[in-house]
Amino acid sequence: MMTAIFCVMLLGGIVFGALTGRMPQVSDALLKESGRAIELILSLAGNFCLWGGIMRIAEESKLTTALAHLASPVTCRLFKGLRPQGKAMRAISMNMVANLLGLGNAATPLGITAMKAMEEEERANGTATDNMVLFVAMNTASLQLLPTTTAMLRSAAGSRAPLDILPAVWVASAVSVLSGIIAAKLLSNRRNRS
């Protein structure tokens, strides 16, 4: 489905560029953005390797088990049906910690690991389960205590107090996470009743 949507968008842009006489700009954008896509893939691959390695060290040192145990009062209520000390719950806990610390790029590979572990544990066979949907909603909303990426960008842009946005970030991210959880739970209950 996504492939079809992207193909339609790409072809629509090319056709619109040809009809409006802007093919040089379309060609320039295609070349420039394809190069940026490769840069993005390489940076994500580096992040994935780094945080995949840290995740492996955390697993070997039992840090993930300790974090899963610490977060279990919350995660067991949210993600019903998953084993409290299972691989999926450990990966979810690590992902939540990375999000709380504002390590957005670090949370991505941990989130992918969590999704794979949930698919395996719940035997989803390519279908999104209620827990997977809830996890995506929570990740998209992203509750953050320390918005390090935003602070870094503000600092690079010349801000003298890059972290003065903390109260606004806490309120906004708490509201967005709660909204995501409520929406996912309501839709899950509605689907299960029908």
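# Working through an all-helix model

Of the protein's 194 residues, 28% count as buried, where buried means under 20% relative accessible area, exposed over 50%, and partly exposed in between (1.4 Å probe, protein chains only). This is a predicted model, so local features need pLDDT of at least 70 and side-chain atom pairs count only at pLDDT 80 or more, while totals for chains, interfaces and linings use all residues. Residues are numbered from 1 along each chain as its sequence is written, and side-chain values use heavy atoms, with hydrogens and water left out.

## Exercise 1: the overall layout

Work out how many helices and strands the protein has, and what box its C-alpha atoms fill.

Step 1. Take the elements from DSSP runs: helices are H or I with at least four residues, strands are E with at least two, and numbering starts at the N terminus. That gives eight helices and zero strands.

Step 2. Read along the sequence and you get α-α-α-α-α-α-α-α.

Step 3. Along the principal axes, the C-alpha atoms fill a box of roughly 60 × 50 × 35 Å.

Step 4. Now the contacts, meaning heavy atoms within 4.5 Å. Of those with a separation of 6 or more, 58% come from residues 24 or more positions apart.

## Exercise 2: helix H6

Check the span of helix H6 against expectation, then list its buried residues.

Step 1. The expected span is 1.5 Å times one less than the number of residues. H6 covers residues 130–141, so its 12 residues should span 16 Å.

Step 2. The end C-alpha atoms of H6 are 17 Å apart, which agrees.

Step 3. Buried in H6 are Asn 131, Met 132, Leu 134, Phe 135, Met 138 and Ala 141.

Step 4. Look just past the end: Ser 142 follows H6 and has a positive phi, near 55°.

## Exercise 3: the nonpolar core

Find which residues have the most contacts inside the largest nonpolar core, and which helix gives the most to it.

Step 1. Set the rule: a nonpolar core is a set of buried Ala, Val, Leu, Ile, Met, Phe, Trp, Tyr and Cys residues joined through side-chain atoms within 4.5 Å.

Step 2. The largest such core has 26 residues, and those with the most contacts inside it are Phe 79, Leu 82, Ile 92, Met 118 and Leu 134.

Step 3. Two or more residues come from each of helix H2 (23–60), helix H3 (63–78), helix H4 (87–100), helix H5 (104–121), H6 and helix H8 (166–193). H4 gives the most, with six residues.

Step 4. Zoom in on Leu 134. Setting aside neighbours within four places in sequence, Leu 134 touches Leu 78, Phe 79, Ile 181, Ala 184 and Lys 185.

## Exercise 4: Asn 99

Decide whether Asn 99 is buried or exposed, and find the side chain that shares a polar contact with Asn 99.

Step 1. Asn 99 sits in helix H4 and is buried, at 10% relative accessible area.

Step 2. A polar contact is a pair of N or O atoms within 3.5 Å; within protein, one must be able to donate a hydrogen and the other to accept it, and residues adjacent in sequence count only if both atoms are side-chain atoms. The side chain of Asn 99 makes one of 3.0 Å with that of Asn 139.

Step 3. Beyond neighbours within four places in sequence, the contacts of Asn 99 are Ala 107, Asn 139, Ser 142, Leu 143 and Gln 144.

## Exercise 5: salt bridges

Say how many salt bridges the structure holds, then place some of them.

Step 1. Count a salt bridge when a side-chain nitrogen of Lys or Arg is within 4 Å of a carboxyl oxygen of Asp or Glu. The total is five.

Step 2. One of them joins Arg 36 and Glu 33 at 3.5 Å, N to O. These two are three residues apart in helix H2, so about one helical turn separates them. Arg 36 is exposed at 52%, whereas Glu 33 is partly exposed at 41%.

Step 3. Another pairs Glu 121 with Arg 83, with the closest N and O atoms 3.6 Å apart. Glu 121 lies in helix H5 and Arg 83 in the loop between H3 and H4, so this pair ties together parts 38 residues apart in sequence.

Step 4. Arg 154 and Asp 164 also meet in a salt bridge, at 2.8 Å, N to O. Arg 154 is in helix H7 (residues 148–156) and Asp 164 in the loop between H7 and H8, so the parts tied together are 10 residues apart in sequence.
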